[in-house]
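Here is a friendly walk through one protein chain, written for someone at the bench. Have the sequence and the model open side by side as you read.

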Amino acid sequence: MRSTSSMRRRFVLVGCVVASCALAVDCRSKPPGGAGEAGSSPNALVSEPAAPVGDPAQEEKDEEGGRGARAAGDEGSMGRGRDVDRMAGVVGPGSGGSLQALGYIGGKDGGKTGIGYGTGTGGSGIAQNQSPGIYGAGGLGLGGTGAPRGSGGSTGRHSRGRGGCGSDATPFDCPDVDEFLIVEAPPPAEAAESSEPPPTTQGTLRAKTTQGDEKGDFPLQHTEVTSEISGMIARTTVAQVYGNPFAEVIEAVYVFPLPALGAVNDFVMQIGDRKIVGLIRPRAEAERIYAEARAAGQTASLLTQERSNIFTQSVANIEPGGTVKIEITYFERLIYESGYYEWVFPMVVGPRYIPGEPAAPAAGAATARPDDRSTTRPAGPSTGSGQGPSTGSGQGPSTGSGQGPSAGSGQGPSTSSGQAGGTSPATTTVPDADRITPPVLPPGQRSGHDIGLTVTLDAGLPIARLAVPTHQVETQDLGAGRRVLKLAAADTIPNRDFVLRWSVAGADTQFGVLTHRGDDGGYLTLMMQPPAEPTDDQVVPREITFLLDISGSMSGVPLGISTAVVRETLDRLRPDDRFNIFVFASGNGQLWESARPKTDANVAAAREYLDNLCGGGGTEMLAGIRRALQAEHDPAALQMYVFLTDGLVGDEERILELVKNDRGEARFFMFGIGSSVNRYLVDGIAEFGGGASDVVLNPGEAEGCRATRRLFAMIDSPVLVDVGIDWNGLPVVDAYPSKLPDLFAGQTVSLVARATGSGSGTAYVTGRVGSRRVRYPVAVVLPEREDANGALAPLWARWRIEDLSKQMVGADETASAELEKQITDLAVEFRLVSQYTAFVAVDESRVVGNGNPLRVIQPVELPAGMSYEGVFGEQPVGDAARIEAWGVNLQATESGKVRVGAVTLGSPAAEAGVQSGAILTTVNRTVVNDLVHLEGLLLQATGTSVRVGFEPGGEVELPMP
């Protein structure tokens, strides 16, 4: 993912495997409709000059690097030169090995790709990014005759260079079909009758003891979700059951998602018959209470928020064979758009790309306790492949990001433990990266965790249409607008968002005002949909810029969805529209130097460009957006950006700040692509970008057509701008969002507010359509007492916190401190989890263990449809790495264990008694599951030495690499 001197000094890769381009379609195929002439200009993609293929001086360096590797005693894993697949290693101390990278051959032509250049099979590939990190590799050209020059070998753990390849994803053939699918038959009877969690399969991932022995499943056994939806308010309870399969006391840690605007205001820990209600405290205080209880051997739990939509649940001191149940309750207010309501329950935190250099510990920060012990996963590499994008334009990508100093993250504090256990260390750009990168299960493996979900829907009016486009469900019709939906027993893997959509009869009666007035004060929520208004302004010429994320997490199905949406959109452009296409991954590029009109030739050239896109690499989103914003644009045209991404990055605040400050009058229309989209970022870019957002869940025609229909309904319709609310003397204050967004076709005015008294009257939603002012009446009744709708109080507080959090984007230190205080005080008052508050619960009735529990980090599923190879690269099974500071070669085994291959005489490891063949089990009492996990632990460690456990051999102290 990254190339840093810190990484390069820790490991020298001795062997590597080639990753292929992971697409769900045949890259060589072309969609119906013809390819047309390539329409890209010579400057379509700017690139740095690369070394020429066949350069004799470079070949000599390659050979020197190979000799360096052989001198290190690993000729066997490097491989011998062959006509079909010769390897030119660049490893070791030779002049060709200074980059500590591995070069390998593109194919039968025998051309080298060492140090980031070479030939691919039947074609040429020129890598542009030549600074590999751990498991980094030079570029690799892919494709047949006439294949474009590919990007390659960009940085980071498990980076793989790739060339361009095409997609045969055809354009959506949009039939005139209803966008809702009625939920009908349940799954087979035998599956529906079973209420027990499915048994773990042969591929189930097993937890390990500190000695590496398999003892059972990971601690999170089951999650049960129960939601009650009444009109526009949903109350959801999430029950997590943790068990201890070990013979010793454990601490379980689980990173999971919740809706970004969910008001989490209840937390209960249950141990047997004992229930402990959680306390809301400022985060630092809650973490201190939890740490003290953990050290005292008391069972305790801590719920913290890492992002608006990412949370961490920690449960300390679960006794052997015991279980602990955690119940989290949150409220959310649903939005009505484009004719339907939508309720979403996210199930998995997708792997995020983490930019930046590994961060040094802050001055005075506590280091990891030497007795901290944890286990994560026995297999699977770290997030982010670091591969450069393939462009298909005949040019390599630009590698320079042009990024200035990173802005403050504003993403909340991280704990002082010094080691959160994620697959990425904290970085200079994402200081809490170790808290948002849970380990991901490789394909074919399960953790034993499953999920159940039941939704009771009371729509208030007869339900006209109902759809669950993501899962199999069983439905029960209770009549009068009520349904009960239950997740089918055959669909219980938590690897994608659950989405429920419905519409009701009676277009006029579903909008209005809900109120609550009790001892906690008065609150209200208003929702109304303005009628369509004609504009008296002449239609302004439009320039539409498509911005595609083609990083590793988008490879395969998600990229196929993105390109299909763009193809369909191209067909719907007006004749006088202009357009261009930009792409980004580790690097970035564009189709043309400037936008071109919609002609048959230009559309054909765009389709050709899309055909040659192939997902791979890191997600340098900031640089990609900056390039698109700073490109040549027509100042007379209305600028619209159609942005397609899964949003899986860790530096959200920097990206939101860029869009907020640099978009000018342009508008961003966001398409979240995939089964587990980072909706916080996708919706945030749309909000700061003055546009709108939608999520395309799967590659079905109905989903893609629904998304493109909605896009054109918005951009082709008049926009209600300068939206405001005139309360007309009613006692209403503190309405949020404080600045109402512009409204597009199908969108509603939606807000929450406080009522300081009772009364009735008419409020007015005001705005402007073109040059004409408009004014819409809304009847409001504020009762003296209304006990119903009590959820409006925490919902108002949650929306206010969100509003304050957005004010922190780009704020200076003084303003940020004041906003942090306001958020903390508000969250404590309303008993809400926020980035500065946390729930903590302690069972003080008994002591379990000695206060030194084994820390077990729950792995998560790979989001459905995401390419594991695209994100992580291929597994380095059988590869070897050398840690020079210790004097050892380490070898990954098929089971994921890390074995000592060789020990240098007189080295620190030899003097400590480390033997060849021993298994490396722990670092600072944290279980090591594979080479990548070892790297992550060393990057998170501090001090001049580390405590390393071997079996046999016990624990020894070795210098920090």
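Which residues of α9 are buried? They are E652, E653, R654, I655, L656, E657, L658 and V659. Buried here means under 20% relative accessible area, exposed means over 50%, and partly exposed is in between, using a 1.4 Å probe and protein chains only. Before going on, please note that this is a predicted model, in which local features need pLDDT of at least 70, side-chain atom pairs count only at pLDDT 80 or more, and totals for chains, interfaces and linings use all residues. Residues are numbered from 1 along each chain as its sequence is written, and side-chain values use heavy atoms, with hydrogens and water left out.

**The chain as a whole**

The chain has 16 helices and 45 strands. Both kinds of element are DSSP runs numbered from the N terminus: helices are H or I with at least four residues, and strands are E with at least two. Of the 961 residues, 61% count as buried. Among contacts in the chain with a separation of 6 or more, 75% come from residues 24 or more positions apart; a contact means heavy atoms within 4.5 Å.

**Helices α8, α9 and α10**

Back to α9, which is mostly covered, with eight of its 11 residues buried. Those buried residues pack against β12 (300-307), α8, β30 (667-673) and α10. Just after α9, G664 takes a positive phi of about 65°.

How do α8 and α9 meet, and at what angle? Helix α8 (residues 621-630) packs on helix α9 (residues 652-662) at an angle of about 15°, and their axes are 9 Å apart. The axes are lines fitted to C-alpha atoms, for helices over the stretch in contact, and the angles run from 0 to 180 degrees between N-to-C directions. The two helices, α8 and α9, are therefore roughly parallel to each other; angles under 35 degrees count as roughly parallel, over 145 as roughly antiparallel, 65 to 115 as roughly perpendicular and the rest as oblique. On the α8 side the contact is made by M621, L622, I625, R626 and L629, and on the α9 side by R654, I655, L658, V659 and D662. Sorted by class, this contact of α8 with α9 has seven nonpolar, no polar and three charged residues. In that scheme Ala, Val, Leu, Ile, Met, Phe, Trp, Tyr, Cys and Pro are nonpolar, Asp, Glu, Lys and Arg are charged, and the others, Gly among them, are polar.

Helix α10 (residues 679-688) has eight of its 10 residues buried, so it is largely enclosed by the rest of the structure. The buried residues of α10 are R679, Y680, L681, V682, G684, I685, A686 and F688. After α10 comes G690, with a positive phi near 65°.

**Backbone features in loops**

Four loop residues are worth finding in the viewer.

| Residue | Backbone feature | Loop |
|---|---|---|
| S338 | phi near 50° | between β15 (336-337) and β16 (340-345) |
| R831 | phi near 60° | between α13 (813-829) and β37 (837-842) |
| P737 | cis bond from Y736, omega near 5° | between β33 (732-736) and β34 (749-755) |
| P952 | cis bond from E951, omega near 0° | between β44 (945-951) and β45 (954-959) |

S338 counts as partly exposed, at 25% relative accessibility. R831 counts as partly exposed too, at 25% relative accessibility.

Is S907 buried or exposed? S907 is buried, with a relative accessible area of 6%, and it sits in the loop between β41 (898-903) and α15 (908-911). S907 and G887 are 20 residues apart in sequence, yet 5.1 Å apart in space, C-alpha to C-alpha. Leaving aside residues up to four places away in sequence, S907 touches W886 and G887.

**Aromatic pairs**

Rings of Phe, Tyr and Trp (its six-membered ring) pair if their centres lie within 6.5 Å; planes under 30 degrees apart count as stacked, over 60 as edge-to-face and the rest as tilted. By this rule the count comes to 15 aromatic pairs. The rings of Y254 and F256 have centres 5.4 Å apart and planes at 20°, so this pair is stacked. Both Y254 and F256 are buried. W343 and F345 also form a stacked pair, 6.4 Å centre to centre with 20° between the planes, and both W343 and F345 are buried. Finally, Y523, Y736, W796 and F830 form one aromatic cluster.
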